[in-house]
Amino acid sequence: MSFTLHGLAVSQGIAIGHAHLVSHATLEVAHYTVRERDLPREITRFEEALATVRTELGALKTEAATPGSPSELSALVNVHAMFLDDPMLAEVPKDLMRERRCNAEWALVQQMELLVAQFDEIDDGYLRERKHDIVQVVERVLRVLLGKPRRLGRKGGKGEKGDEGELVVVAHDLSPADTIQFKNLKIAGFVTDLGGATSHTAIVARSLAIPAVVGLHHARPLVRENDMIIVDGTRGVLIVDPDARVLEEYRLRKRELELERSKLKRLKTARAATLDNVDVELMANIELPQDIAQVKEAGADGVGLFRTEFLFMNRDTLPSEDEQFEAYRVVAKALAGKPVTIRTLDIGGDKTARALAGTERQAPNPALGLRAIRYCLAEPQIFLAQLRAILRASHFGKVQILIPMLAHVTEIEQTLTMIEQAKAQLRERRCKFDEHIAVGGMIEIPAAALALGAFVKRLQFLSIGTNDLIQYTLAIDRTDEAVSHLYDPLHPAVLRLLSMVIQTAHKAEIPVAVCGELAGDPKLTRLLLGMGLRQFSMHPTQLLEVKQQIVMADTEQLAMKVTRLMRCDEPERIREQVERL
Ligand code: PEP
Ligand code: MG
């Protein structure tokens, strides 16, 4: 039966494919009693499922050993194989089946729940987090038991079902750490029941250039594995089991979008300058070194934001200084003298890393907690290792350091002291680095925007993080779909803060960029140009659309119109004026 669900459009485009449910095992399985005489067969069924998963993990292990595979994959597979063979998963469910005559799936889920509860009691954060591995192993076995030994395809491989056979992930929720793993998989799109439009999960979806809709509320319970679905990431719509007419309509629209995209490619080598000859710098946001390919494809002027925290996710140990150095060096070298702005670790909030779980406290309100620079200053050894890695990479290109989530001048001063300390350590080791490396700050807390005079004296450049600036100005959690309708980039308070920061930076004669999602929204390019912005940093996939707006704009005219618009307090009138710019 065909039906449609509406949510938040977070990554544009259309995906047509088959649903792959990413599930919490407990919600799924049937519970029934097995007859005494059928018990041996049920136990054999369970043992065969374990054997199949053992083979799957063996294949994954071989894959993990091939060049180019993420280094943490191998460690993860080993942990999963260890849990699979542990008697607590391999034997105890069989005892339960014998004692309670429950079916294999039910026995396994009961045992999993018991183990998860035991792990929850553990004080050590690292060990406690291992419960997720148990759940993942159990989910693998359950999929085999349920006759769905389905795996997501590796990127570059063929979809399992021909051109519309790629999988569309359907989940209740996905963390940024889950989503970043899609970079190595062949996923056509994803939808979730939870999530806000500027959550990091949504941001990663945009960087993957795959259509995504979040905040659908009921997709996970209503969609069945393998259902044909259409994700309209531009309108925020999910269509399940579409009829032939709708499917044809969407196929057509998908082809049109692809055509439009390919036409845009002609702009790649065009100069990003306005009609009145004002040059604009268009930079790229990246999460991992592998994103460089997209940066080059878009013809970006550099990397305006490297979200380094993604190097710390989906692994059990921290990336060492050398490993980080290698990641930063690869980007610096590839950009061949163009600026590479490396943001120091912005962990916390919705971005969690299990390698830091021992030190990360369960915060009562993560968005307002020990996040970003606050976390780094509280963990000087982790911070110093990263600073040394960035400094070492600065010898291989034009690297600059960006500090996230500043609210206090003292945070800048402490960071600058630590940068000096890292430099001294490197001098002692006779390591080469750029002695004059530029240090900039992210303006994403209203306090910083309002007290910017003291900040610009200590920083060499600014980058406005509008995702957080809006979150903290309007007091709405960017990950919470329940308040996502209040997330308004055109709120007069937001516009004033933005304009103030741009003007203060100009007066102080230091460069200022916007690197939040606003910078990549072509509907807002003219507004930002009118405010005086000349540096934009965005997902590479957005860059040519924004360039298209720039080459048709006249900054003088826009400045006049935006000055008028800024006097307005009425949201509706502001919206109308932005549309008419
Ligand atoms: C922002 O807050 O706008 C930003 C660019 O940083 P992040 O989205 O990673 O918090
Ligand atoms: Mg931010």
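Modeller: A helix here is a DSSP run of H or I with at least four residues, a strand is a run of E with at least two, and both are numbered from the N terminus. The model is predicted.

Colleague: How many residues apart are Arg-98 and Asp-95 in helix α4?

Modeller: The side chains of Arg-98 and Asp-95 meet in a salt bridge, 3.1 Å from N to O. Arg-98 is partly exposed at 44% relative accessibility, and Asp-95 is also partly exposed, at 34%. Both belong to helix α4 (residues 92-100), where about one helical turn separates them because their spacing is three residues.

Colleague: Is Glu-42 buried or exposed?

Modeller: Glu-42 forms a salt bridge with Arg-45, with 2.9 Å between the closest N and O atoms, and the two lie three residues apart in helix α1 (residues 39-64). Arg-45 is partly exposed, at a relative accessible area of 25%. The cut-off for buried is under 20%. Glu-42 has 8% relative accessibility, so it counts as buried.

Colleague: Which residue of the pair Asp-227 and Arg-224 is exposed?

Modeller: The closest N and O atoms of this salt bridge are 3.2 Å apart. Asp-227 has 10% relative accessibility and therefore counts as buried. With a relative accessible area of 55%, the exposed residue is Arg-224.

Colleague: Which residues are the protein donors of the magnesium ion, ligand 2?

Modeller: One donor sits in the loop between β13 (438-443) and α17 (446-450), the other in helix α19 (residues 466-474), and their positions lie 24 residues apart in the chain. Glu-444 is buried at 2% relative accessibility, and Asp-468 is buried with a relative accessible area of 2%. The donor atoms, OE and OD, are 2.0 to 2.2 Å from the ion, and the residues are Glu-444 and Asp-468.

Colleague: How many salt bridges does the structure hold?

Modeller: Some of them join into a network that links Glu-309, Arg-343, Asp-346, Lys-351, Arg-371, Asp-468 and Arg-478. Asp-468 in this network is also a donor of the magnesium ion. For the structure, the number of salt bridges is 41.

Colleague: How much of the accessible area of ligand 1 does the protein cover?

Modeller: Ligand 1 is surrounded by 17 residues, the closest being His-200, Arg-307, Arg-343, Asn-467 and Arg-478. Its oxygen atoms lie 2.8 Å from a polar side-chain atom of Arg-307, 3.3 Å from an N or O atom in the side chain of Lys-351 and 2.9 Å from one in the side chain of Glu-444. On its own the ligand has 290 Å² of accessible area, and the covered share is 100%.

Colleague: Which residues of strand β8 point the other way from Val-237 and Ile-239?

Modeller: In a regular strand the side chains alternate between the two faces of the sheet. Strand β8 covers residues 237-240, and Val-237 and Ile-239 share one direction. These four residues are buried, and those pointing the other way are Leu-238 and Val-240.

Colleague: Which residue in the turn between β7 and β8 has a positive phi?

Modeller: β8 pairs in the antiparallel sense with β1 (residues 3-6) over four bridges, and His-6 stands opposite Val-237. β7 (residues 228-232) also pairs with β8 in the antiparallel sense over four bridges, with Val-231 and Leu-238 as bridge partners. β7 and β8 form a hairpin with four residues between them, and the turn residue with a phi of about 75 degrees is Gly-236.

How values were computed:
Residues numbered from 1 in each chain as written. Chains lettered and ligands numbered in written order. Predicted model: local features only at pLDDT ≥ 70, side-chain atom pairs only at ≥ 80, totals over all residues. Heavy atoms only, no water. Donors = N, O, S within 2.8 Å, 3.2 Å for Na, K, Ca; no water. Buried < 20%, exposed > 50% of the residue type's maximum accessible area, 1.4 Å probe, protein only. Salt bridge = Lys/Arg side-chain N within 4 Å of Asp/Glu carboxyl O. Near = heavy atom within 4 Å. Polar contact = N/O pair within 3.5 Å; in protein donor to acceptor, adjacent residues only side chain to side chain. Areas by Shrake-Rupley, 256 points an atom, 1.4 Å probe, with all protein chains shown as cover. Pairing = 2+ DSSP bridges.
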